[in-house]
Structures are given as C-alpha cells and as structure tokens.
Amino acid sequence: MKTGRRAFLVQAAAIPGIFGLRELFAQEAASGTPGWFQKALQRMKETGRCGVVIVAPDQIKIAPKKLDEKLLKQLEGKEELRARLEELYCYQDVAKADASRRLLGSTLWILANEDFPAAHELLCEAVFICVTSEIADRTVRKTGDKRNRFLLDPVGHLLAADSVEAAVLENPEKFAPSFAPFLHGEGDVRLRERATAIQKGLDAEIVQALSQLTTDSADERDAATAVLVRRAESIAPFLVHFSLTAPGAEERGRAKDALTRYFASTMEDAAGPRLPFGAYLPKFVESCAGLQLEKDVALDCGLGRAPRKSRKFLLFLLK
C-alpha cells in the first residue's frame, strides 16, 4: 500500500493538464529545462491551448538551530547523536520552509479531484504548468523578475504576466475567480480570439454535432454531445466560449456537460462506461460534509466527506 508522500506523488501525476506538480512536491532541481516542460509546450501547440505557468513560492532559507553550550559539552565524542539532535531541533523550521509549496500543490490537487466545476473548465481550457523559481528563471522570466503567474499563447509566446497573492494559491474557492479573468482577458477578449481561431478549423463532424444539440431527437442530441466529448481535447477553448455564448440554454448546458465529461475521462480514477464485475457507483447527496451516501449514512459533524477516489464500492456476492 502506498502511503504519505509517495502516494500523493502518484495521485498528483494523474491530474489532467497540470504539468510539473509531481516535480514540485518532489522538489527536483535538475539543471536546464525539464523534459515535462517541453511536453507541456508541445501539448499547448498540438491542442491550440494557452499555457498558464504558476511559479511556486520560494523556500524560506533558514539556519539550523544551535544546541546550547551545556548540551554540546555533554555530546563531545558523540557526533552521530549530536547530528541527530541538530536535525530534530530544526525539524519544525524545515516543515515551515516546505509549507508554501505544499499548500500550492494541495490546492491544485483538491481543485482537480473535488467538486470545483469552474476550475475544471479552466483546466480543460488551458495547460497549467507548475515550476519552481529556478525553472521559471530559465523558461518564462528573467532573473530578478518576481512575478509568479504567466500566460503563454499556444506556441509559447508571452501574452500576460502578473503576481497572484498566496491567499489565492492556497484557497481552492479563490482559484477560478482569479485565474478566469487572467486567462480570458478583459471582456473575455483572449478567450474569444482563441475560440474564433479554433472555430475556423472545425471539421464537418464537429460542425454537424453542434447543429444537432437542439434537435427534436434525444438520441441525436446525446450522440452530438458524445462527439463533442470525444473531440474536446482539440477544441476545449472553443467549447468553453460556446458554453458561455451559445444562443440557447440547452446548447450552453450541453457544452458544459461535454467539458465535464471530458475532464472526468482524463482522471486516472474515472469509472468509464462499464465498471468491473461486482462494483457499483452509489448515489451521493449534498450535506454539511460536502457529499454523503444517499441513504444508510448520517453525518452531522461536518468532518466526514467523500472524495472522488472513495466513490466506488465493491459488492461481495454470497453463494
């Protein structure tokens, strides 16, 4: 069984559209430009997505606490014990030094795995990239530039940059309200430009699917939505814009549904169209704890919740 940090790294690696998160937690500091950064740029170019680069807060540089003189005398000749005590003395400060980066990683993991549909649309629309300050200086900014959020066009050219407060990076509720205007631009001008560029290259299958979202036949509407889900990888920014500007409520709703289903399909733990024999997906309802089973469970304390990975159950069949 994987536990602790190792388990988190495996989970973080599965988050769709967020490059560098696993390396952020692992705190790898390889020289040059990491291979995953190049893969992120390649995905941007291939899918017509913009890239959002988030620079993780720098670690706090601290000096280990010194042992007092009386204790040092007692440890003369006991170098191994002394080293261990010094390590324990500075443990709390080391934990604080890692806190900012870990909060950023935790926020992104929660956004991707919990019920934050507005954030999920952003993760579909753009390629998100997490980098350390050292990697940022080698890729998106000049040394000394303290801005920590950068927007790149699909070929990697800088479109915008600013500084986002730590409170935004550490609070899932504040993420979408801050990042949506940054990504879309004033009056959604950047989103509109991206959508227009993608729309010009739409093939006959997608055009037909869009025209059938409001037909009288429910089967045709469902089939059209399925096409959008299947092709969402290459038209996600267009779908986001369409979900906001389409003339009909049903068209907008189906575009949002397509984005939701596309995002779910990219998750490592997505159930898929068929579950293994003996497994089922129970129904959940909103509660003070977020989500709880529709029946047979009572949670009033607010401490329990049902994250996505806990929403599959196995049935034990009796002879």
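**Note on helix packing and two aspartates**

1. Helix 7 and helix 10 cross in a left-handed sense. The model is a predicted one. Helix 7 spans residues 117–125, and its axis lies 9 Å from that of helix 10, at an angle of about 35°. From helix 7, the contact draws on Ala118, Ala119, Leu122 and Glu125. Helix 10 contributes Phe175, Ala176, Phe179, Ala180, Leu183 and His184. By class, this contact of helix 7 with helix 10 has eight nonpolar residues, one polar and one charged.

2. For the chain as a whole, the secondary structure amounts to 14 helices and nine strands. The chain has 319 residues, and 43% of them are buried. Among contacts with a separation of 6 or more, 67% join residues 24 or more positions apart. The exposed surface of the protein chain is about 18400 Å², with carbon and sulfur atoms supplying 53% of it.

3. Helix 13 covers residues 218–245 and packs with helix 11, residues 189–199. Their axes are 8 Å apart, and the angle is about 120°. Angles of 65 to 115 degrees count as roughly perpendicular and those over 145 as roughly antiparallel; helix 11 and helix 13 are therefore oblique to each other. The crossing of helix 11 and helix 13 is left-handed.

4. Which residues bring helix 11 and helix 13 together? On the helix 11 side they are Leu191, Arg192, Arg194, Ala195, Ile198 and Gln199. On the helix 13 side they are Ser234, Ile235, Pro237, Phe238, Val240, His241 and Leu244. Sorted by type, the contact of helix 11 with helix 13 comprises eight nonpolar, three polar and two charged residues.

5. Helix 13 also packs with helix 12, residues 204–211, at an angle of about 90° and with the axes 10 Å apart. That angle makes helix 12 roughly perpendicular to helix 13. Helix 12 makes the contact through Glu205, Ile206, Ala209 and Leu210. The helix 13 residues involved are Ala224, Val227, Leu228, Arg230, Arg231, Ile235, Phe238 and Phe242. Nine residues of the contact of helix 12 with helix 13 are nonpolar and three are charged, with no polar ones. Ile235 and Phe238 appear in the contact with helix 12 and also in the contact with helix 11.

6. Asp188 sits in the loop between helix 10, residues 172–184, and helix 11. What is notable about its backbone is phi, near 60°, a positive value in a residue other than glycine. Most residues other than glycine have a negative phi. Is Asp188 buried, partly exposed or exposed? The relative accessible area of Asp188 is 32%, and the cut-offs are under 20% for buried and over 50% for exposed, so Asp188 is partly exposed.

7. Asp137 belongs to helix 8, residues 133–139. With a relative accessible area of 26%, Asp137 falls between the same two cut-offs, under 20% and over 50%, and therefore counts as partly exposed. Apart from neighbours within four places in sequence, Asp137 is in contact with Lys142 and Thr143. Val55 is 82 residues from Asp137 in sequence, and their C-alpha atoms are 9.7 Å apart in space.

Note on methods: Residues numbered from 1 in each chain as written. Predicted model: local features only at pLDDT ≥ 70, side-chain atom pairs only at ≥ 80, totals over all residues. Heavy atoms only, no water. Axes fitted to C-alpha atoms, helices over the stretch in contact; angles between N-to-C directions. Helix = DSSP H or I, 4+ residues; strand = E, 2+ residues; numbered from the N terminus. Parallel < 35°, antiparallel > 145°, perpendicular 65-115°, else oblique. Left-handed = near helix turned anticlockwise from the far one by under 90°. Contact = heavy atoms within 4.5 Å. Nonpolar A, V, L, I, M, F, W, Y, C, P; charged D, E, K, R; others polar. Buried < 20%, exposed > 50% of the residue type's maximum accessible area, 1.4 Å probe, protein only. Areas by Shrake-Rupley, 256 points an atom, 1.4 Å probe, with all protein chains shown as cover.
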